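Me: I would be grateful for a close look at how the helices pack in this structure, followed by an account of the strands. Please take the parts in turn and name the residues involved.

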Amino acid sequence: MRARRMRVRSASGLRRAVFRAPILLYRWHLGWLLGGRMLLLTHTGRMSGLPRQAVLEVTGRDSRTGAYHLASGFGPGAQWYRNIQHTPRVTIQVGRRRMAAVARPLGPEESGRLMAAYALRRPRLARGLMRMCGLKTGGSAEGYHRIGRDHIPFVRVLPDEPSGNG
């Protein structure tokens, strides 16, 4: 089944509040409860210049470089994604570790490859992400590759000091 080309729905209202709730865990120094599968991304607002935060799922790791892979589930229009394009210097917190890092958007083909790999490792979460974003795919690797390539850009976040926790 071919992925439908459509605009990815952004979070608003109650949905936005639910997605932003994990930030409170980090503010209360309880981010470690989320383990290594989530990270707090502190980025700079492109208009205000003020620090902004988002808690994102780590969709993968590069054990060679220590880089974290993140997906912009709400597409290229997500505020954090637009902000890191303007100012790639960020701070991340994974568990109890805070690190300075550089966030770089990946190209469409690499985003597609990472989306397909993520769907293979975490099929239930990948299906949920598709539902949440209003995207349809047949569940095949090719379908997920198209979704990543055309709708869900990925980002590589490379800490200044690589972590050995691969």
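Reply: In this predicted model, the axes of helix α3 (residues 108-121) and helix α4 (residues 123-133) come within 5 Å and cross at roughly 125°. An angle of that value falls outside the ranges for roughly parallel, roughly perpendicular and roughly antiparallel, so α3 is oblique to α4. On the α3 side, the contact is made by Met115, Tyr118, Ala119, Leu120 and Arg121; α4 contributes Pro123, Leu125, Ala126, Leu129 and Met130. Sorted by class, this contact of α3 with α4 holds nine nonpolar residues, one charged residue and no polar residues.

Helix α3 also packs against helix α5 (residues 141-150), at an angle of about 135° and with the axes 7 Å apart. That angle makes α3 oblique to α5, and the crossing of the two helices is right-handed. From α3, the residues Pro108, Glu109, Ser111, Gly112, Arg113, Met115, Ala116 and Ala119 take part. They meet Ala141, Tyr144, His145, Gly148 and Arg149 of α5. The residues in the contact of α3 with α5 comprise six nonpolar, four polar and three charged. Met115 and Ala119 of α3 appear in the contact with α4 and also in the contact with α5.

The strands form another part of the model. Six of them close into a barrel, in the order β1-β2-β3-β6-β5-β4, with antiparallel pairing. From one strand to the next, the twist averages 45°.

Within this barrel, strand β1 (residues 38-44) runs antiparallel to strand β2 (residues 51-61), and seven bridges join them. Leu39 stands opposite Leu56 in β2. The hairpin of β1 and β2 has six residues between the strands, and Gly49 there takes a positive phi near 75°.

Strand β2 is in turn joined to strand β3 (residues 68-71) by three bridges, again in the antiparallel sense. Here Gly60 is placed opposite His69 in β3. The hairpin of β2 and β3 likewise has six residues between its strands, with Gly66 at a positive phi near 85°.

Strand β4 (residues 89-94) and strand β5 (residues 97-105) form an antiparallel pair over six bridges. In this pair, Arg89 stands opposite Val102 of β5.

Methods:
Residues numbered from 1 in each chain as written. Predicted model: local features only at pLDDT ≥ 70, side-chain atom pairs only at ≥ 80, totals over all residues. Heavy atoms only, no water. Axes fitted to C-alpha atoms, helices over the stretch in contact; angles between N-to-C directions. Helix = DSSP H or I, 4+ residues; strand = E, 2+ residues; numbered from the N terminus. Parallel < 35°, antiparallel > 145°, perpendicular 65-115°, else oblique. Contact = heavy atoms within 4.5 Å. Nonpolar A, V, L, I, M, F, W, Y, C, P; charged D, E, K, R; others polar. Left-handed = near helix turned anticlockwise from the far one by under 90°. Pairing = 2+ DSSP bridges.
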